[in-house]
Amino acid sequence: NRRYINEEIENIIKEINAGHERSLALLFIDLDRFKVINDNFSHSSGDVFLKKVSERLSSCLGKNDVLARMGGDEFIFLLKDFENPDYITAKAEEVLKLFDESIFIGNDELHTSASIGIAIYPDHPISMEKLMIYADNAMYQAKEKGKNRYSVYTSGLLAGMEDEYRLETDLRRAVENDEFVLHYQPQIHPKTGKIVGLEALIRWQHPSLGLLPSGKFIKLAEDNGLINQIGKWVISEASSQNKKWQDAGYNPLKVSVNLSTQQFLTKDLVTFMEDTLARTGLDPEYLVVEITEYMAMEYEYSLKVLKQLKEIGIGISIDDFGTGYSSLTYLNNFPIDFIKIDKSFVSEIMNDHPNAFIVKAIITLAHNLQMQVIAEGVETKEQLDFLIDQQCDFVQGFYFSKPLSANEIERNYLEKNNDRERDY
Ligand code: C2E
Ligand code: MG
Ligand code: MG
């Protein structure tokens, strides 16, 4: 248990500080999808699952290792008195492999993986608490890099964390000071080349760091809860900009906004969207929300919210399709208008690559379910030709345009497009 392992760590640190030749490393293990398992199965199943995980972990205990459950789905492997530091990463690899095989609870087959943070006791004295913080930070880094992997703590990591901390303070201020801007990426009808819609993508005009892409701060905003406020700003700004364009006489286009999962799960989302449409005067037909497959995990709740949005007349698009929790149940039952094929599939659709078959199959599936398909991340003519062959409805990507400021959109697209018909 936690107390035993803490004592053990303290003892080893004392001995090292007293000049004894001992080595010490921690593997901080956190299961990747335990919450999903806990939420979707009974808690007693969750307990059985943890027991089975513990048994698996025990199976790779070396003679000097200690294993402890720290609480929840967190475990620590304490490695000590190893001769070669390779022992540490080899152990981490071994632990990751333990999850290759799924775990059965009754008839349910459950998959999970682990993220592991490694902290090695350095050549200068530090406290047990600090060593734990190192391991914990490394574990978070492993999660951020995509889970199911290990990450080793380095002093740069904490520096990175400090940067992040500074950015977080700035982010709070940014919300008050209105430092965000939206860029818009055109969505194109592939055969005619006409613009049919725009995806709004947020940027942060940071006072000293310049224009920051969403990847630099969305995750942070999700972690500290600011995403709700930021997300509301995005919906308002995109709606009012779109209405301004229509009032200026340009052909009406749909504008899509990305919703983070957290924002999607807030209780006032539907009312907020209704109020925004009323306030800006935008016809709901010209607003689309992009959600990800992860939201389908909250099945009943999502179904209810999506039906309400649909009723208002707002379009619904599944973003990054194929990279998350692709369940055919939700696909069949949610009122979805568009599926966006993730750019990771689009980037490799040439040369009989397996992804070409996946793209083909997604388009067929979507069309049979009366949904339209948008391919993201189209960068080459070959990709475009393939997508046209496969009857893909719309395309979006650097081949046509990167995301542009509202002014650039107006100059490069709207003014030129005005004599054309709309069709999306
Ligand atoms: P996404 O919604 O899948 O957006 C597409 C991303 O792909 C955008 O990155 C876009 O600039 C990029 N992209 C477009 N065409 C190409 C291409 O041809 N090749 C490649 N390699 N990339 C292309 P961006 O703007 O950095 O946004 C990244 C992600 O951040 C978005 O992925 C979305 O999930 C999130 N995001 C952006 N704006 C918002 C927002 O307002 N709210 C929320 N919650 N998330 C946002
Ligand atoms: Mg998107
Ligand atoms: Mg996407």
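Buried means under 20% relative accessible area, exposed means over 50%, and partly exposed lies in between, computed with a 1.4 Å probe and the protein chains only. The structure is a predicted model, in which local features need pLDDT of at least 70, side-chain atom pairs count only at pLDDT 80 or more, and totals for chains, interfaces and linings use all residues. Residues are numbered from 1 along each chain as its sequence is written, chains are lettered from A and ligands numbered from 1 in the order in which they are written, and side-chain values use heavy atoms, with hydrogens and water left out.

**Exercise 1. Classify His189 as buried or exposed, and describe its surroundings.**

Solution. Step 1: His189 lies in the loop between β8 (180-188) and β9; strands (E, at least two residues) and helices (H or I, at least four) are DSSP runs numbered from the N terminus. Step 2: the relative accessibility of His189 is 18%, so the residue counts as buried. Step 3: the side chains of His189 and Thr192 are joined by a polar contact of 3.0 Å. Such a contact is a pair of N or O atoms within 3.5 Å; within protein, one must be able to donate a hydrogen and the other to accept it, and residues adjacent in sequence count only if both atoms are side-chain atoms.

**Exercise 2. Determine which residues coordinate the magnesium ion (ligand 2).**

Solution. Step 1: donors are N, O and S atoms within 2.8 Å of the metal (3.2 Å for Na, K and Ca); water is not among the atoms, so sites may look incomplete. Step 2: Glu199 (OE), Asn258 (OD1), Glu290 (OE) and Asp319 (OD) coordinate the magnesium ion (ligand 2) at 2.0 to 2.2 Å. Step 3: the pair Asn258, in strand β11 (residues 254-258), and Asp319, in strand β13, links distant parts of the chain, 61 residues apart. Step 4: Asn258 has a relative accessible area of 28% and is therefore partly exposed, whereas Asp319, at 7%, counts as buried.

**Exercise 3. Identify the protein donors of the magnesium ion (ligand 3), and the residue that coordinates both this ion and the magnesium ion (ligand 2).**

Solution. Step 1: Asp319 (OD), Asp320 (OD), Glu376 (OE) and Glu376 (OE) are the protein donors of the magnesium ion (ligand 3), at 2.0 to 2.4 Å. Step 2: their spacing in sequence is D-D-x55-E. Step 3: Asp319 in strand β13 (residues 315-321) and Glu376 in the loop between β15 (372-375) and α15 (381-389) are 57 residues apart, a pair that links distant parts of the chain. Step 4: Asp319 and Glu376 are both buried. Step 5: Asp319 coordinates both magnesium ions, ligand 3 and ligand 2, which are 4.0 Å apart.

**Exercise 4. Describe the shell around ligand 1 and the polar side-chain atoms that approach this ligand.**

Solution. Step 1: 22 residues surround ligand 1, and Arg203, Asn258, Asp319, Glu379 and Phe398 come nearest; the criterion is a heavy atom within 4 Å. Step 2: strand β9 (195-206) gives the largest share of this shell, four residues. Step 3: a polar side-chain atom of Glu379 lies 2.5 Å from a nitrogen atom of ligand 1, one of Gln185 lies 3.0 Å from a nitrogen atom, and one of Glu199 lies 3.0 Å from an oxygen atom. Step 4: the protein covers 81% of the 800 Å² of accessible area that ligand 1 has on its own.

Definitions and conventions: Areas by Shrake-Rupley, 256 points an atom, 1.4 Å probe, with all protein chains shown as cover.
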